[in-house]
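Okay, thanks for making time, everyone. I'll put the structure up and then walk you through a few parts of it.

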Amino acid sequence: MTADRVDQLIAAWERELPAALHPTTELSKRLLLLAAAVDESARAVLPELGLTMAEFDVLGTLRRSGEPCRMKPTELSRSLLLSSGGTSNVVNQLANRGLVVREPDPDDGRGTQIRLTDEGVAMAEKAVLAGAAAHAEVWAGVPAEVLDAATTALRALHQATGPTARRG
């Protein structure tokens with residue numbers, strides 16, 4: 001097998017500062033490179049749709065919430081890991097484009113909810129499908145059995161290192 005960027009990096013640290021290497025160093029570096037490739041693949045299709053990553057995230061979050069594709073601003077911020085101000089800015093941009101509307105909260109007369117318009121649903125679906133196709137392209141040359149094994153291994157790693165695992 002030919003040495004790649006990660007192999008070269010590990011070899012350099014073995015030579016220069018071996019104490020910087022841990023049993024997980026190679027895994028961590030490979031995960032970072034793969035995550036960057038997947039992220040970049042989705043980011044590359046967004047300009048064609050006239051969306052930023054933040055707008056894509058808001059549209060996708062509202063769309064996957066199910067009919068009627070609406071959420072309270074605080075729920076939306078929490079699910080996006082954005083500040084309320086950051087979420088509000090993105091929602092304003094989407095509202096100006098007619099992709100979302102603010103509506104009175106039917107359960108709380110003082111509150112509002114953010115809802116996708118019909119155009120917003122269409123854009124969300126177009127963007128999610130484009131992102132999924134871009135992600136699939138990243139993995140196109142990988143045999144199915146390798147993808148299945150990697151998915152199983154990563155699921156186990158995620159479960160072993162997630163917040164509930166650390167509380168134990």
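Before I get to the hairpin, one bit of bookkeeping: when I say two strands pair, I mean that DSSP finds at least two bridges between them. And keep in mind that this is a predicted model.

So, the sheet. It's an open one with 3 strands in the order S1-S3-S2, and the pairing is antiparallel. The edges are S1, residues 70–71, and S2, residues 100–105, each of them pairing on one side only. As a general reminder, strands of a sheet pair through backbone hydrogen bonds, either parallel or antiparallel.

Take the S2 side. S2 and S3 make a hairpin, with 2 residues between the strands. Their antiparallel pairing runs over 6 bridges. If you want to find the register on screen, Val-100 has Leu-116 in S3 as its bridge partner, and Arg-102 stands opposite Ile-114 in S3.

Now go to the other edge. S1 pairs with S3, residues 108–116, also in the antiparallel sense, over 2 bridges. Which residue in S3 is the bridge partner of Met-71? That's Ile-114. So Ile-114 comes up on both sides: Met-71 is its partner from one strand, and Arg-102 stands opposite it from S2.

Stay around there and look at the loop between H3 and S1, where Pro-68 sits. The peptide bond joining Glu-67 and Pro-68 is cis, with omega at about 10°. Cys-69 is in the loop between H3 and S1 too, and although it isn't a glycine, it has a positive phi of about 55°. For context, most residues other than glycine have a negative phi, and most peptide bonds are trans.

Next, the helices by the sheet. H3 lies across S1, S2 and S3, and runs at about 105° to S3. H3 covers residues 53–64 and H4 covers 73–80; their axes come within 10 Å and cross at roughly 115°. That crossing is right-handed. What does H3 bring to the contact with H4? You'll see Asp-57, Val-58, Thr-61 and Leu-62 there, and they meet Leu-76, Ser-79 and Leu-80 from H4. By class, the contact has 4 nonpolar, 2 polar and 1 charged residues.

Last stop is the largest pocket. Its volume is about 350 Å³. There are 14 residues lining it, and the ones nearest its centre are Leu-31, Leu-34, Trp-139, Ala-150 and Leu-154. Two elements give two or more residues to the lining: H2, residues 25–49, and H7, residues 144–161. Which helix gives the largest share of that lining? It's H7, with 7 residues. And how do the lining residues divide by class? We get 12 nonpolar, 1 polar and 1 charged.

If you remember two things from today, I'd pick the cis bond between Glu-67 and Pro-68 and the pocket lining with its 12 nonpolar residues. Okay, that's me done; happy to rotate the view for anyone.

Notes
Residues are numbered from 1 along each chain as its sequence is written. This is a predicted model: local features need pLDDT of at least 70, side-chain atom pairs count only at pLDDT 80 or more; totals for chains, interfaces and linings use all residues. Side-chain values use heavy atoms; hydrogens and water are left out. On a 1 Å grid over the protein atoms alone, a cavity is a set of points where a 1.4 Å probe fits but cannot get out, and a pocket is an open set with protein on both sides within 12 Å along at least five of seven lines; lining residues have an atom within 4 Å of a point. Grid points are joined across faces, edges and corners, and a volume is the space filled by probe spheres set on the points. Helices (H or I, at least four residues) and strands (E, at least two) are DSSP runs, numbered from the N terminus. Ala, Val, Leu, Ile, Met, Phe, Trp, Tyr, Cys and Pro count as nonpolar, Asp, Glu, Lys and Arg as charged, and the others, Gly among them, as polar. Axes are lines fitted to C-alpha atoms, for helices over the stretch in contact, and angles run from 0 to 180 degrees between N-to-C directions. A crossing is left-handed if the near helix is turned anticlockwise from the far one by less than a right angle, and right-handed if clockwise. Contact means heavy atoms within 4.5 Å.
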